[in-house]
Amino acid sequence: MIDFILNDTEISTSEPAGTTVLDFVRYHKDLKGTKIGCREGDCGACTVMVGELVGNEVKYRTMTSCLMPLANAAGKHIVTVEGINPQDGSMTPVQQAMVDESGTQCGFCTVGFVMSLTNFCVDETANTPEMAISAVDGNICRCTGYKSIERAAMTICGTMAEPPASAGGVDIAIENGVVPKYFADITSSLKCLIKSPDTTAPASSHPLTRAVPPFVSGGTDLYVQKPEHMAESNATPLLYDEQLRGIRDLGEHIEIGGSATVTDLLVSPVMRSVFPQLNKHLKLVSSTPIRNMATLAGNFVNASPIGDMTVWFLALNAEIDLVGVSAASRHSPQSGEKRTLSLKDLYLGYKQIAKQPDEMITAIRFKKPGDDFRFNFEKVCKRTYLDIATVNTAMSLSVASASADALMITGAHVSAGGVGPIPLYLNETSAFLIGKTVNEETITAANEIMQSEISPISDVRGTEQYKRLLLRQLFRHFACHVVL
Ligand SMILES: Cc1cc2nc3c(=O)[nH]c(=O)nc-3n(C[C@H](O)[C@H](O)[C@H](O)COP(=O)(O)OP(=O)(O)OC[C@H]3O[C@@H](n4cnc5c(N)ncnc54)[C@H](O)[C@@H]3O)c2cc1C
Ligand code: FES
Ligand code: FES
């Protein structure tokens with residue numbers, strides 16, 4: 001059974017764990033407010049709020065219900081628009097702002113926008129107009145032209161009092177009528193629910209002791225690639241597995257659980273302390289609801305040649321822990337065995353990886369950078385946000401003063417995506433840079449080596465020449481503007 005709270009009602013269901021939350025709420029609970037648009041995570045029409053008990057409070061995140069397996073709802077508070085509608089038939093301040101600012105025309109996208117903006121009022125995001133607008137970065141509208149929706153977002157921002165630093169926004173959202181009063185009881189309801197042994201392990205026992213590969217984490221690749229298969233599958237859900245979560249400063253290394261999402265990185269004080277440009281860089285990755293679901297392990301295993309997080313962690317020369325989880329019934333010699341692999345050795349060929357199907361990525365580790373560390377991530381797409389890369393690249397350098405006005409490179413890791421069949425760690429370029437002074441000669445020579453290591457092809461995203469030029473310019477930009 002899968003137990004969770006849907007709006008104000010406790011649910012216990014034996015529907016298949018692979019059923020999407022979208023189909024469950026619409027076809028099993030007749031809650032038709034949540035709309036179906038693309039079913040690929042792109043349009044945001046199906047956005048719901050997902051509340052997770054963290055300590056003594058419930059943290060809410062938006063997710064696209066079309067890609068979310070029911071298994072990931074276990075032990076959570078799932079909120080659809082029916083769960084925020086006032087009982088007396090009036091509108092919440094978010095809904096009212098959308099009406100007042102003419103933020104809705106045909107209305108098909110409106111529920112998605114309302115859920116994203118409601119979540120903005122409830123979560124820990126700073127109450128600023130920029131953040132209100134960025135909360136709807138995963139919602140598409142074909143009618144309004146967005147300006148009216150932006151005005152609605154700003155109106156909402158103005159009506160919400162600033163939440164006290166210590167508390168989440170739920171109490172204030174209740175006070176403002178943004179969410180109904182029953183939200184105040186959700187913390188205790190989830191605590192009771194989670195005591196139930198079935199709640200957090202919907203498929204069978206703990207994933208580390210059972211194996212029903214493939215695994216599913218956020219589902220943002222799997223449900224786009226094989227939705228019918230996933231709906232029927234008994235994939236082992238990993239997104240909320242406590243053993244695969246967390247971002248830890250281990251002193252010499254930083255260790256991240258395989259199920260950490262892009263949002264987990266964004267809000268992590270550990271990551272923020274190491275990467276001053278974290279926000280700018282990670283906002284280039286998908287949209288808010290997808291970042292809330294997309295895990296590092298999923299990105300690595302999907303093995304896309306343009307996987308953003310893969311390219312990012314290749315440039316940190318990260319390593320991954322793999323654990324074979326075959327159950328005894330599968331008679332696998334690998335059951336429970338752990339091995340560590342350099343991320344760059346995971347990729348063998350297009351979508352071929354050095355991982356057995358029953359091995360899960362449990363952790364990612366990279367050396368904690370010192371003060372001499374310089375890092376950059378670049379992604380060029382046909383549009384700046386909400387697009388996959390034509391070329392992406394990341395670079396980490398350690399530098400030391402060679403003289404009063406010159407820097408010497410003491411460590412270098414360069415990666416690039418979209419310029420070969422796999423996400424590339426540029427071995428020769430990285431090795432060449434070590435011991436060199438950062439100057440025009442080094443940049444030119446490094447680029448020549450870089451060009452010999454890549455093999456881009458011409459496709460809809462750009463010609464071979466264009467991709468080569470892009471990588472050259474991105475590298476030059478990093479060397480000239482970030483390092484110097
Ligand atoms: C609208 C949209 C926008 C996107 N934008 C971007 C983007 O800008 N940049 C980008 O890089 N990607 C993007 N993606 C792709 C996707 O979101 C990422 O690749 C994401 O990180 C996949 O993680 P997941 O948890 O959702 O993976 P899932 O779909 O759950 O799984 C993907 C694969 O990984 C395996 N897997 C999952 N967890 C583990 C584990 N712990 N151990 C072993 N195997 C595991 C699964 O079995 C599966 O084979 C986008 C996707 C969508 C739908
Ligand atoms: S239906 Fe488009 S994002 Fe889910
Ligand atoms: S109002 Fe029609 S799609 Fe947004």
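**Note on the predicted model: the E2-E1-E5-E3-E4 sheet and helix H3**

1. Helix H3, residues 110-122, lies across strands E3 and E4 and runs at about 25° to E3. The model is a predicted one, and the points below start from this helix and the sheet under discussion.

2. Leu117 lies in helix H3. With 30 other C-beta atoms within 10 Å, Leu117 is buried; the cut-off for that label is 20 or more. Leaving aside residues up to four places away in sequence, Leu117 touches Val94, Ala132, Ala135, Val136, Ala153 and Ile156.

3. Leu117 can also be placed relative to Thr62. The two residues are 55 apart along the chain, and their C-alpha atoms are separated by 9.6 Å. Thr62 falls within strand E4, which spans 57-64.

4. The sheet is open and has 5 strands, in the order E2-E1-E5-E3-E4, with mixed pairing. Its edges are strand E2 (9-13) and strand E4 (57-64), each of which pairs on one side only. From one strand to the next, the twist averages 30°. As general background, strands of a sheet pair through backbone hydrogen bonds, in either a parallel or an antiparallel sense.

5. Is edge strand E4 enclosed or open to the outside? Of the 8 residues of E4, 6 are buried, so this strand is largely enclosed by the rest of the structure. Being an edge strand describes its pairing, on one side only, and should not be read as a statement about burial.

6. E3 and E4 pair in the antiparallel sense over 8 bridges. Within this pair, Gly51 stands opposite Tyr60 in E4. The hairpin of E3 and E4 has 2 residues between the strands, and Gly55 in this hairpin takes a positive phi near 65°.

7. Strand E3 (residues 47-54) also pairs with strand E5 (residues 77-79), again in the antiparallel sense, over 3 bridges. Here the bridge partner of Met49 is Val79 in E5.

8. For the chain as a whole, the secondary structure comes to 18 helices and 18 strands. The radius of gyration is 23 Å, close to the 23 Å that the globule rule gives for 484 residues, so the chain is as compact as a globular protein of that length. Along the principal axes, its C-alpha atoms fill a box of roughly 70 × 60 × 45 Å.

9. Two chain-wide figures complete the note. Of the 484 residues, 46% count as buried. Among contacts with a separation of 6 or more, 67% are accounted for by residues 24 or more positions apart.

Terms used
Residues are numbered from 1 along each chain as its sequence is written. Chains are lettered from A and ligands numbered from 1 in the order in which they are written. This is a predicted model: local features need pLDDT of at least 70, side-chain atom pairs count only at pLDDT 80 or more; totals for chains, interfaces and linings use all residues. Helices (H or I, at least four residues) and strands (E, at least two) are DSSP runs, numbered from the N terminus. The radius of gyration is taken over C-alpha atoms; the globule rule is 2.2 Å times the number of residues to the power 0.38. A residue is buried if 20 or more other C-beta atoms lie within 10 Å of its own, exposed if 12 or fewer, and partly exposed in between; C-beta atoms are placed from the backbone. Two residues are in contact if their C-beta atoms, placed from the backbone, lie within 7 Å. Two strands pair if DSSP finds at least two bridges between them. Axes are lines fitted to C-alpha atoms, for helices over the stretch in contact, and angles run from 0 to 180 degrees between N-to-C directions.
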